[in-house]
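Please follow this explanation with the sequence and the 3D view side by side, bearing in mind that the model is predicted. The text goes from the interior to one helix, and then to a pocket.

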Amino acid sequence: ALSSERDIDALLERILEAARELVDADGGTLYLVKDDALAFQVLRNDSLGYSYGGRDGEPVAFPPLPLHLPDGRDNDTMVAAVAALSGRTINIEDAYAAEGFDFSGTRRIDASPGYRSQSFLTVPMKDHDGQVVGVLQLINAKNNKGKAVAFSKKDEPLILHFANMAAVAIERA
């Protein structure tokens, strides 16, 4: 179904929604690599009622995440940037306890509505040449009672495979 979609906004929205459904994630963000940064394309969160980007969401007002700092060093504090630069999947059980990453923006968003972003599954999206074209980030896996839990190790290869198929579809759109 992804390979037949030619409307890029609809495609990006479908990718994020399908990935969230695969692992029952409360929210997620899809970024594309543009000009040495990760540009927010689609952001969804059921609990917060957020729907930005894609075909049906409000316009995205968040600035891109830089892949490199002004001095040229890798941006190694933003989890999505690290996934894009390293090409590896990052599975964080609890963002508030995770060391080495800057979740200050996440905490600001969480503080306002009383929401708590807990688990993150962040996956690079690689095209058929192995180039990272984007990042798929899922937030708060849910258990059968709707409570936020960690993403399982079994979720990682499933979402990685899906993200890579999606990257090829994006390339063709």
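The largest nonpolar core holds 24 residues, and those that touch the most other members are Ile 15, Leu 30, Met 125, Leu 136, Leu 138 and Ile 159. Two or more residues of this core come from each of helix 1 (8–23), strand 1 (25–34), strand 6 (120–126), strand 7 (132–142) and helix 4 (155–172), and helix 4 provides the largest share, with 7 residues.

To see how one of these core members is surrounded, the reader may turn to Leu 30, which, when residues up to four places away in sequence are not counted, touches Leu 12, Ile 15, Leu 16, Ala 39, Phe 40, Gln 41, Val 42, Met 125, Val 135 and Leu 136. Apart from the largest core lies another one, made of 11 residues, including Leu 48, Val 82, Tyr 115 and Phe 120.

Helix 4 can now be looked at along its length: its 18 residues reach 26 Å from the first C-alpha to the last, which is close to the 26 Å expected at 1.5 Å a residue. The residues that are buried in helix 4 are Asp 155, Glu 156, Ile 159, Phe 162, Ala 163, Ala 166, Ala 167, Val 168, Ala 169 and Ile 170, and the elements against which these buried residues pack are helix 1, strand 1, strand 5 (90–92), strand 6 and strand 7.

Why does Glu 156 count as buried? Glu 156, a residue of helix 4, has a relative accessible area of 18%, and it is counted as buried because the cut-off is under 20%. When its neighbours within four places in sequence are left aside, Glu 156 is in contact with Thr 89, Asn 91 and Leu 121.

From the packed residues the view can move to empty space. The largest pocket has a volume of about 630 Å³, and of the 31 residues that line this pocket, Tyr 31, Phe 40, Gly 105, Thr 106 and Ile 109 are the closest to its centre. At least two lining residues are supplied by each of strand 1, strand 2 (37–45), strand 4 (65–66), helix 2 (79–86), helix 3 (104–111) and strand 7, while helix 3 gives the most, with 6 residues. By character, the lining of the largest pocket divides into 18 nonpolar, 9 polar and 4 charged residues.

Two residues named above link these views, for Phe 40 is among the residues that Leu 30 touches, and Phe 40 is also one of the lining residues closest to the centre of the largest pocket.

Definitions and conventions: Residues numbered from 1 in each chain as written. Predicted model: local features only at pLDDT ≥ 70, side-chain atom pairs only at ≥ 80, totals over all residues. Heavy atoms only, no water. Core = buried A, V, L, I, M, F, W, Y, C linked by side-chain atoms within 4.5 Å. Buried < 20%, exposed > 50% of the residue type's maximum accessible area, 1.4 Å probe, protein only. Helix = DSSP H or I, 4+ residues; strand = E, 2+ residues; numbered from the N terminus. Contact = heavy atoms within 4.5 Å. 1 Å grid on protein atoms, 1.4 Å probe; cavity = no way out; pocket = protein on both sides within 12 Å on 5 of 7 lines; lining within 4 Å. Points joined across faces, edges and corners; volume = space filled by probe spheres on them. Nonpolar A, V, L, I, M, F, W, Y, C, P; charged D, E, K, R; others polar. Expected span 1.5 Å × (residues − 1).
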